[in-house]
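Me: Could you walk me through the aromatic rings here and show me the reasoning behind each label?

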Amino acid sequence: MPMNVINVDNLTFCYNGLEAISNISFTVKRGDYLGVAGPNGSGKSTLIKNILGILKPQKGNINIFGQPLIFFHQWDRIGYLPQRISSLNNHFPGTVEEIVQLGMKKRNAIALKRTLEMMGIAHLANRLIGELSYGEQQRTILARALISQPDLLIFDEPTTALDPETREIFYSLTSEMNRTYDTTIILVTHDTGIIGKYARNLLYLDKKVIFYGTFEDFCTSPDMAGFFGSTSQHMICHQHDKTENNV
Ligand code: ADP
Ligand code: MG
């Protein structure tokens, strides 16, 4: 039976009585790479926090891996990288290796070695996190999110927190996991230039759903040309075309 990874049905969430997101519905299937875009304050992070149970949905329903959110407990199937990782405590007395292992249920030396190498931090395994550069700390946090090869990865504006070199590693890794392991990916960003390059589906929010569908549909939609102006529409679609040709 094909199972949806995420089902959001008519979700509404208010802060202090003010709607931040309104009547959101969409579905994410196994192996999808969904881009969630929209201007600042359009409710992207609010949506993600509802999906992750950090905020409680006030109206509507969310199902994860076929289960209603309130019954879902397999959180180790989901890797999450929040918008800000600067909250990392520099005095935390953990080594790179120890922190990355927090992302694993059981110790697995091979997976640990492979992930540290993939992220280019193997040589830092025994160093304390507080002694590292910001970029090296970012890679450690990324490695923690990726190490257990979760079925679903959710990234909220990762590129605002990542330095350019780590950003490159990040995007190629997520694409590779999506292709190789069928890992489902939700990438939130306000950078619509980059989103079309990697994601296959697009959810464009502005409190409510402005567009939800494939990039192909987005790019040929007269409604979207009207909404964004054809220049912006082309900018998003240009990136997408380039990737298709390169594969
Ligand atoms: P985005 O991630 O798209 O930038 P957010 O989901 O963070 O948008 O915010 C959506 C709206 O909700 C914004 O108007 C924001 O000011 C408001 N908001 C977000 N978090 C809170 C909060 N904790 N309390 C009150 N309002 C909030
Ligand atoms: Mg946000």
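Reply: Happy to, and please keep in mind that this is a predicted model. Let's begin with Phe155, which has a relative accessible area of 1%.

Me: What makes Phe155 count as buried or exposed?
Reply: Buried means under 20% relative accessible area. Phe155 has 1%, so Phe155 is buried.

Me: And why is Phe170 given its label, buried or exposed?
Reply: The reasoning runs alike: Phe170 has a relative accessibility of 1%, so Phe170 counts as buried.

Me: How many aromatic pairs are there?
Reply: The count comes to 11 aromatic pairs. In one of them, the rings of Phe155 and Phe170 have centres 4.6 Å apart, with their planes at 90°. Centres must lie within 6.5 Å to pair, and planes over 60 degrees apart count as edge-to-face, so Phe155 and Phe170 form an edge-to-face pair.

Me: Which parts of the chain does this pair link?
Reply: Distant ones: Phe155 belongs to strand β7 (residues 152-156) and Phe170 to helix α6 (residues 164-181), 15 residues apart.

Me: What makes Phe211 and Phe218 an aromatic pair, and of which kind?
Reply: Their centres are 5.2 Å apart and their planes 75° apart, which makes the pair edge-to-face. Phe211, at 11% relative accessible area, is buried, and Phe218, at 0%, is buried too.

Me: Which cluster do ring pairs link Phe211 and Phe218 into?
Reply: The cluster holds Tyr204, Phe211, Phe218, Phe227 and Phe228.

Me: Where does Arg77 lie?
Reply: Arg77 lies over the face of Phe65, 3.8 Å from the ring centre.

Terms used:
Residues are numbered from 1 along each chain as its sequence is written. Chains are lettered from A and ligands numbered from 1 in the order in which they are written. This is a predicted model: local features need pLDDT of at least 70, side-chain atom pairs count only at pLDDT 80 or more; totals for chains, interfaces and linings use all residues. Side-chain values use heavy atoms; hydrogens and water are left out. Rings of Phe, Tyr and Trp (its six-membered ring) pair if their centres lie within 6.5 Å; planes under 30 degrees apart count as stacked, over 60 as edge-to-face and the rest as tilted. Helices (H or I, at least four residues) and strands (E, at least two) are DSSP runs, numbered from the N terminus. Buried means under 20% relative accessible area, exposed over 50%, partly exposed in between (1.4 Å probe, protein chains only). A charge sits over a ring if NZ of Lys or CZ of Arg is within 6 Å of the ring centre and within 35 degrees of the ring normal.
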